[in-house]
Amino acid sequence: MAMIELKEIKKEYRNDEVVTHALNGITLNIDQGEFVAVMGASGSGKTTLLNIIGCMDVPTSGEYRFCGENLGGAKEARLSAIRGSRIAFVFQHFALINSYTVFENVEVPLVRHTMSKSERRKNVTAALDAVGISELAKKLPTHISGGQKQRVAIARAIACGADVILADEPTGALDSKTGREIIQLFSELNGAGKTIILITHDRQIASFAKRIITIQDGRITEDDGSVKR
Amino acid sequence: MGAIWKLTLKELKKKKANTLLTFIVCLVAMNTIFSAVTNATSAVYQKKQFEENIGVNLGRVLHLHYRENEETEEFAIVLSDFKDYLRRIEGVTAVGQFDSTTRYFSGIENMEKYKEVNPPQYEGYPLDLSWVVTVDEELLSLVRGGLTEYAKTQSGYPPIYPSEIFKESIPIGTVLTDKYNDEVKYEVAGYISKKSKWVDKNDLIRFPFISLNGAFVAPYTEWSRTDIMTQLVCMHNTYIYVSESADLEKIKQEIHNYTVEHGFDAYAETLEEEFALYAGETRYLTTAQTALAIFISVLSAISVVALFTTNALLKRTQYGILIANGFTIHDIAAEIALEIGFITFSSAAIMWIFKLIELRTSKNLGIKLFRDILLTAHVRFTLPLCIAIVLILSALSTILPALKVIRYQPCELIGDETNGND
């Protein structure tokens, strides 16, 4: 049984009379521990696919199973529980709360968990250590570099103990050197057992992944997963 | 809920300037609303209180107005007879007068204990001066504090009731002699409590209650029937109780006719009519003030709601980040509600307490005269209304931003942080 199973997933956006088909019947299985890069031109449906996998959006039709659980019609509370503990996001523009310190940003997903303050502190400190930015704990996101911000976002994904990390163009706002460092970090996390799904335009970045999927007009046009796996 | 509360407190703490600004806007709004409510309800409550104290419908109590002024000993008798005549009119159930004077009682100048406790309202006056409230038994209901009828004394002198602060210096049974008013004698028959109050005779339309602490209460004496100053002053403080079935207009006419026949001019109006006249005279001002208060209150409420809605919309991306990290859209709505509720409730509570302290301690004459009424209105009417206003304000301020946030998919809230809409 694959960890992520998508079957004939379609997503439509309606704006008055105009219907946009963002996803046109995606069928895809991703196993635990995979490192998948999703590539495609702008508007091909990559982010929509990532949002559906991450329970941030719901498909118009089709079936989505996460660890065998059919999430079609699942309640908001269930989807948010998965988001907060099993799946974590890393966004292109970091998605950090500027008024929170680095420590507090990493702590955000843990606030919803039932754990003591000391446990939370331990998890956050370990996550910051893992990405090498523990000295920045008290700083505000506005006072650190782009690469450091992305590390904070990754630390947040690690801290909540998610099995799957969804990264939407995580190097898009970074210079190439920092971008490579961040991708290296993802590789290490994958080596530690995390499932990584990464969206990128950059073929060089995608080459770090073990499987590359290409999307065009909401359809998978290429999936070299079987070759590289 | 603990997580949401934690998040709310963090938000309030993190956005200090924003929280403070919102808090100040709420304080100003609450101040306006509470002042308008307390003033409006206290006016109504004051009228009801006076009605309760006088014991009958204000439409069945006539108040005498006197227009001639003849200062002769003989005329005092004419006025005393007039009072007796009033009691005999068909349909009149009681007639009462009251007055407030200062007297010198023999022997008090030597009572050190008396002078020690004689309250500071006599500042600048000799400490042996006594404040005497003269009230007919029919109007004792206007004296709040337990005195309902006059006792018969052993000596046969009229009874007098000193304030209980004089208990140690003037024991029951003491005979007090008025040094300058024909040496009228009274016998101390009891005490009035420190908390006793009565209506301020200088404000006969609104009747504020003032403290009787340090006063004496006594009935009119035979001597007062012949004292022209007492009779003239008390003409304006004459109240005529009329039965429900009596013809008011006829009684009014009879009163007027009697006075004209006896060489003076007096007429009577019901207290209801006097209130109506007063309300009519002040209607424009009162209406304008109330309209202004409502206008400002509505504007304040709108600005509070608008401020909270704008704040929530500005935090749209932040809400998206929270949702991406395990919070539900309903958690966000709850967080908005808690944040708004916290600010509105705390500002309302602080302003309510501030107004309470202000009403209790203000030296402003308007507040001093009506302190009890304003305090009662503030506690009994403004408090529940304040809770209702805060609930409504919080609900409105929550529903609008929450609806705006809930209508988005989580991925739409965080839109700006992604790489676009592909």
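This passage describes selected elements of chains A and B in a predicted model.

The account of chain A begins with a sheet. Four strands of chain A, in the order β2-β1-β4-β5, form an open sheet with antiparallel pairing. Its edges are β2 (18-30) and β5 (69-70), each of which pairs on one side only. Strand β1(A), residues 4-15, is joined to β2(A) by 10 bridges in the antiparallel sense. One of the bridge partners is Val18(A) in β2(A), which is matched with Asn15(A). Helix α1 of chain A, residues 46-53, packs on this sheet. The helix touches β1, β2 and β4 (61-66) of chain A. Its direction makes about 120 degrees with that of β1(A).

Strand β1(A) also holds a residue with an uncommon backbone angle. Most residues other than glycine have a negative phi. Glu8(A), found in strand β1 of chain A, has a positive phi, near 50 degrees. Its relative accessibility is 45%, so Glu8(A) counts as partly exposed. A second glutamate, Glu169(A), has a positive phi of about 50 degrees. Glu169(A) sits in the loop between β7 (164-168) and α6 (176-191) of chain A. Burial is defined as under 20% relative accessible area. Glu169(A) has 5% relative accessibility and therefore counts as buried.

Strand β9 of chain A has pairing partners in β3(A) and β10(A). Strand β9(A) covers residues 211-216, and 5 of its 6 residues are buried. Strand β3(A), residues 35-40, runs parallel to β9(A) and is joined to it by 5 bridges. In this pairing, Ala37(A) has Ile212(A) as its bridge partner. The pairing of β9(A) with β10(A), residues 219-223, is antiparallel and comprises 4 bridges. Here Ile213(A) is matched with Asp223(A) in β10(A). Strands β9(A) and β10(A) form a hairpin, with 2 residues between them. Asp217(A) lies in the turn and has a positive phi of about 50 degrees.

Chain A also contains a helix pair. Helix α3(A), residues 102-111, packs with helix α5(A), residues 146-159, at an angle of about 35 degrees. The axes of the two helices are 8 Å apart. Their crossing is right-handed. From α3(A), the contact involves Val102(A), Asn105(A), Val106(A), Pro109(A) and Leu110(A). From α5(A), Val152(A), Ala155(A), Arg156(A) and Ala159(A) take part. By class, the contact has 7 nonpolar residues, 1 polar and 1 charged.

Attention now turns to chain B. Chain B has 13 helices and 11 strands. Of its 422 residues, 50% are buried. Contacts in chain B between residues at least 6 apart in sequence were also classed by separation, and 79% of these join residues at least 24 apart.

Helix α1 of chain B runs over residues 2-14. Its length can be checked against the expected rise. At 1.5 Å a residue, the 13 residues of α1(B) should span 18 Å, and the end C-alpha atoms are 18 Å apart, so the two values agree. The buried residues of α1(B) are Ala3(B), Ile4(B), Leu7(B), Thr8(B), Lys10(B), Glu11(B) and Leu12(B). Lys10(B) and Glu11(B) are among the residues in that buried set.

Strand β11(B), residues 266-270, shows alternating side chains. Ala266(B), Ala268(B) and Thr270(B) point to one face and are buried. Tyr267(B) and Glu269(B) point to the other face and are not buried. Strand β1(B), residues 61-66, is joined to β11(B) by 5 bridges, and the two run antiparallel. In this pairing Leu62(B) stands opposite Thr270(B), a residue of the buried face.

A loop residue of chain B completes the description. Ser163(B) lies between β4 (159-162) and β5 (175-177) of chain B. Its relative accessible area is 0%, so Ser163(B) is buried. Leaving aside residues up to four places away in sequence, Ser163(B) touches Tyr191(B), Ile192(B), Leu212(B), Asn213(B), Gly214(B) and Ala215(B). Phe216(B) is 53 residues from Ser163(B) along the chain, yet their C-alpha atoms are separated by 5.9 Å.

Definitions and conventions
Residues numbered from 1 in each chain as written. Chains lettered and ligands numbered in written order. Predicted model: local features only at pLDDT ≥ 70, side-chain atom pairs only at ≥ 80, totals over all residues. Heavy atoms only, no water. Axes fitted to C-alpha atoms, helices over the stretch in contact; angles between N-to-C directions. Left-handed = near helix turned anticlockwise from the far one by under 90°. Contact = heavy atoms within 4.5 Å. Nonpolar A, V, L, I, M, F, W, Y, C, P; charged D, E, K, R; others polar. Buried < 20%, exposed > 50% of the residue type's maximum accessible area, 1.4 Å probe, protein only. Pairing = 2+ DSSP bridges. Expected span 1.5 Å × (residues − 1).
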